[in-house]
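Visitor: Before we go into particulars, please show me the sequence and the model, and then let me ask how each description is justified.

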Amino acid sequence: MIVTLTPNPSLDRTLVLDRLVRGEVNRALESRLEPGGKGVNVTRALVANGSTSIAVFPCGGNNGRLMELLIAEERVTARVVPVGGPIRVNTAIVEPDGTTTKVNEPGSRFSEAETAAVLDQTASLLPHATWLAVCGSLAPGMPAHFPAHAVRLARDAGVRCAVDASGAALESGVSAGPDLIKPNRTELAELVGRPLDRLADVRAAAAELVRGGVGAVVVSLGRDGALAVDADTVALATATTSRPKSTVGAGDSLLAGMLFTLERSGTLADALATGVTWGTAAVQLPGTQVPRPGDLAGITPRTTYAPDEDLALAD
Ligand SMILES: Nc1ncnc2c1ncn2[C@@H]1O[C@H](COP(=O)(O)OP(=O)(O)OP(=O)(O)O)[C@@H](O)[C@H]1O
Ligand SMILES: O=P(O)(O)OC[C@@]1(O)O[C@H](CO)[C@@H](O)[C@@H]1O
């Protein structure tokens with residue numbers, strides 16, 4: 001069983017517009033509302049593909065009630081930790097050429113007791129877990145060392161741990177030496193403190209983190225696919241899509257696909273291929289909809305173990 005921990009979940013509103021005009025009344029052509037937050041999305045994708053996963057997240061207010069209804073509709077299994085403040089609403093504005101503008105709310109402030117309850121709930125599931133995935137931003141009031149604490153809980157329970165976060169939360173998770181991290185290129189550049197323009201730069205930064213104690217680094221690279229680096233492997237997997245609809249949450253589907261294969265004892269390269277398949281399938285779906293087995297058919301990832309290091313990256 002794969003446990004996901006989302007310290008700052010969200011309801012995700014997606015608005016499709018002909019064109020976003022700042023300072024004007026914009027009228028949406030379509031609107032969707034989905035349960036969200038990175039770990040919630042990872043569990044949604046795993047469950048949609050027949051895997052056992054439980055999402056742990058704090059949940060409060062009317063938005064929290066709506067969140068519980070939405071995850072029940074998708075048959076997502078969750079351990080919801082009741083908190084006083086409401087779940088945030090994050091908005092994505094998508095234009096026909098694929099331009100996506102995202103506005104994420106900060107989320108409600110949690111007390112020390114509420115934060116401790118989230119960690120306790122996570123710890124109680126670890127005896128039955130194969131992996132813990134710690135995903136997304138921290139809610140206001142949560143201590144900066146929260147991700148590192150969660151990684152150590154997993155390690156103490158003999159459970160492998162993945163971290164998918166940005167900024168200080170990613171830094172904290174990395175400091176505890178997780179088995180896997182999944183930054184995108186911008187997040188990795190921020191972590192190592194320098195621009196990463198070419199594949200060679202990304203590879204060098206990932207290798208540096210592996211030397212520093214992270215088990216494996218998987219860098220999602222948008223339409224350039226994803227690069228996986230551990231002590232023994234460097235692999236780049238790519239897949240093409242002619243019908244990109246929404247890239248929001250594609251990284252979560254990538255991580256879900258990787259954990260799906262790693263849980264079944266696949267190699268890092270096998271897991272990367274599954275991850276890129278799931279990520280590419282997610283891009284073809286609207287909003288943050290997660291791919292189901294039928295959506296994966298026809299996507300054939302290409303994996304290379306000697307990628308062109310001079311490749312200038314697209315996104
Ligand atoms: N335009 C695209 N064409 C093909 N595949 C894509 C495209 N965008 C994303 N993907 C696939 O989805 C994966 C994850 O996408 P991306 O790099 O955008 O992740 P991310 O920035 O972590 O996303 P998020 O944080 O919104 O979940 C990529 O590694 C790639 O396999
Ligand atoms: O604000 P965070 O926690 O960094 O990211 C939250 C979020 O953007 O991540 C998911 C997509 O990856 C969405 O479901 C959600 O809105």
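**Reasoning from the model**

Guide: In this predicted model, ligand 1 is surrounded by 20 residues, the closest being Asn184, Ser220, Ala250, Gly251 and Gly279. Helix 8 and helix 9 (268-283) are the elements that give two or more residues to that shell.

Visitor: How do the residues of the shell around ligand 1 divide into nonpolar, polar and charged?

Guide: The shell around ligand 1 holds eight nonpolar, 10 polar and two charged residues; Gly counts as polar in this division, so Gly251 and Gly279, both among the closest residues to ligand 1, belong to the polar group.

Visitor: Which residues are the closest to ligand 2, and how does its shell divide?

Guide: Ligand 2 has 17 residues around it, with Gly36, Asn90, Asn104, Gly136 and Ser137 the closest, and the shell divides into one nonpolar, 13 polar and three charged residues. Strand 2 (10-16), helix 1 (38-48) and helix 8 (250-263) each supply at least two of these residues.

Visitor: Why is Glu187 called partly exposed rather than buried or exposed?

Guide: Burial requires 20 or more other C-beta atoms within 10 Å, and exposure 12 or fewer; Glu187 has 19 C-beta neighbours inside 10 Å, which places it between the two limits, and therefore it counts as partly exposed.

Visitor: What makes Leu170 a contact of Glu187?

Guide: A contact requires C-beta atoms, placed from the backbone, within 7 Å, and Glu187, which lies in helix 6 (residues 185-192), is in contact with Ser166 and Leu170 when its neighbours within four places in sequence are left aside. The C-alpha atoms of Glu187 and Leu170 are separated by 8.3 Å, but the criterion concerns C-beta atoms, so that C-alpha separation does not decide the matter.

Visitor: Why are strand 3 and strand 7 placed at the edges of their sheet?

Guide: The open sheet has four strands in the order 3-2-6-7, with mixed pairing. Strand 3 (30-36) and strand 7 (100-103) each have a single partner strand, so one side of each is left without a neighbour in the sheet. From one strand to the next the twist averages 20°.

Visitor: How do you know that strand 2 and strand 3 pair?

Guide: Pairing requires at least two bridges; seven bridges join strand 2 to strand 3, so the two strands satisfy the criterion, and they run antiparallel. Within this pair, Thr14 stands opposite Arg32 in strand 3. Helix 2 (residues 61-73) lies across strand 2, strand 3 and strand 6 (88-94), running at about 90° to strand 3.

How values were computed:
Residues are numbered from 1 along each chain as its sequence is written. Chains are lettered from A and ligands numbered from 1 in the order in which they are written. This is a predicted model: local features need pLDDT of at least 70, side-chain atom pairs count only at pLDDT 80 or more; totals for chains, interfaces and linings use all residues. A residue is near a molecule or strand if its C-beta atom, placed from the backbone, lies within 6 Å of it. Axes are lines fitted to C-alpha atoms, for helices over the stretch in contact, and angles run from 0 to 180 degrees between N-to-C directions. Two residues are in contact if their C-beta atoms, placed from the backbone, lie within 7 Å.
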